[in-house]
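Biologist: I am new to this structure. Could you take me through it, one feature at a time?
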Amino acid sequence: DILEDVWSLNLDSREWTKCEAPLPRGPSSRHVACNVGGVVVCHTFRCLDSVLVWDPQARAFKEQPTTGPAPSSRGLHSAGVSPTHPNTLLVFGGAAKSGDMVSDVHALDCETWTWRPVQTSVKFAQSLPWGSGPSPRAGSCACGVGGE
């Protein structure tokens, strides 16, 4: 079963608490979440025109509308926060709803809530041993290091 319950872990007491509100739009799996500028942003396969944002007062996720060319519907993707733009969520790769894996990168400005595709450097990609950057993949990990 795909679940729609939401849990919160108190890091001081190390106790789990079940939040009363389920996920908007129903159950989800294979999603990603990051702390972007102090706001927890969650991207699921249902996030074509919105993302989920954690509201700590309500202890629930709320839908945040987005604009711009969003990533296709996908799961098993990776996400991270840009070290040089701390209010930007980066989403990479994953498995599209069709089952095909992708290797594109999208950036979400979490101040304007606008998506844009990220054009990767051909020069950098050609310098890699395999010649063209990461191949399409699902279930990968990502994190920012320094200014990269």
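Biologist: Let me start with one residue. Is aspartate 104 buried or partly exposed?

Modeller: Aspartate 104 counts as partly exposed, because its relative accessibility is 28% and the buried class ends under 20%. Keep in mind that this is a predicted model.

Biologist: What does aspartate 104 form with arginine 74?

Modeller: First the general idea. Side chains of opposite charge can pair when their charged atoms come close. Here, arginine 74 and aspartate 104 form a salt bridge, with the closest N and O atoms 2.7 Å apart. The two partners sit in distant parts of the chain, 30 residues apart. Arginine 74 belongs to strand β7 (residues 74–75), and aspartate 104 to strand β10 (residues 101–109).

Biologist: Is arginine 74 buried or exposed?

Modeller: Buried. Arginine 74 has a relative accessibility of 1%. Its partner aspartate 104, at 28%, is partly exposed.

Biologist: How many salt bridges are there in total?

Modeller: The count is 2. Another one joins the side chains of aspartate 55 and lysine 62, at 3.8 Å from N to O. That pair qualifies because the cut-off is 4 Å. Lysine 62 is partly exposed, with 42% relative accessible area.

Biologist: Now the overall layout. How many helices and strands does the protein chain have?

Modeller: The chain has 1 helix and 11 strands. Read along the sequence, the strands come before the helix: β-β-β-β-β-β-β-β-β-β-β-α. The chain has 148 residues, and 36% of them count as buried.

Biologist: Which strand is worth a look, and how do I read it?

Modeller: Take β5, residues 50–55. This strand is mostly covered, with 5 of its 6 residues buried. For reading any strand, one idea helps. In a regular strand the side chains alternate between the two faces of the sheet.

Biologist: In what sense do β4 and β5 pair?

Modeller: Antiparallel. Strand β4 (residues 39–43) pairs with β5 over 2 bridges. Valine 41 faces valine 53 in β5 across the pairing. The two strands make a hairpin, with 6 residues between them.

Biologist: How many bridges join β5 to β6?

Modeller: There are 6 bridges between β5 and β6 (residues 60–65), and these strands also run antiparallel. Valine 53 appears again here, opposite lysine 62 in β6. That lysine is the salt-bridge partner of aspartate 55. β5 and β6 form a hairpin too, with 4 residues between them.

Biologist: Which residue in that turn has a positive phi?

Modeller: Arginine 59, with a phi of about 55 degrees. Arginine 59 is not a glycine. Its place is the loop between β5 and β6. At 31% relative accessibility, arginine 59 counts as partly exposed.

Biologist: Where is arginine 14?

Modeller: Arginine 14 lies in the loop between β1 (6–10) and β2 (15–19). Arginine 14 also has a positive phi, about 60 degrees, although it is not a glycine. Arginine 14 is exposed, because its relative accessible area is 71% and the exposed class begins over 50%.

Biologist: Next, the aromatic rings. How many aromatic pairs does the structure hold?

Modeller: The structure holds 1. The partners are tryptophan 54 and phenylalanine 61, with ring centres 5.1 Å apart.

Biologist: Why is that pair called edge-to-face?

Modeller: A pair of aromatic rings is described by the distance of the centres and the angle of the planes. The planes of tryptophan 54 and phenylalanine 61 stand at 70 degrees, so the pair is edge-to-face. The cut-off for that class is over 60 degrees. Phenylalanine 61 is buried, at 15% relative accessibility.

Biologist: How many cavities of 30 Å³ or more does a search find?

Modeller: A search of the whole structure finds 1. The volume of the largest cavity is about 50 Å³.

Biologist: Which residues line the largest cavity?

Modeller: Its lining includes Leu23, Pro24, Arg25, Thr44, Arg46 and Cys47. By class, the lining has 4 nonpolar, 4 polar and 2 charged residues.

Biologist: One last spot. Which strand holds leucine 90?

Modeller: Strand β9, residues 88–96. The C-alpha atoms of leucine 90 and alanine 107 are separated by 4.6 Å, though the two residues are 17 residues apart along the chain. Leucine 90 counts as partly exposed, at 30% relative accessibility.

Note on methods
Residues numbered from 1 in each chain as written. Predicted model: local features only at pLDDT ≥ 70, side-chain atom pairs only at ≥ 80, totals over all residues. Heavy atoms only, no water. Buried < 20%, exposed > 50% of the residue type's maximum accessible area, 1.4 Å probe, protein only. 1 Å grid on protein atoms, 1.4 Å probe; cavity = no way out; pocket = protein on both sides within 12 Å on 5 of 7 lines; lining within 4 Å. Points joined across faces, edges and corners; volume = space filled by probe spheres on them. Nonpolar A, V, L, I, M, F, W, Y, C, P; charged D, E, K, R; others polar. Phe/Tyr/Trp six-rings, centres within 6.5 Å; stacked < 30°, edge-to-face > 60°. Pairing = 2+ DSSP bridges.
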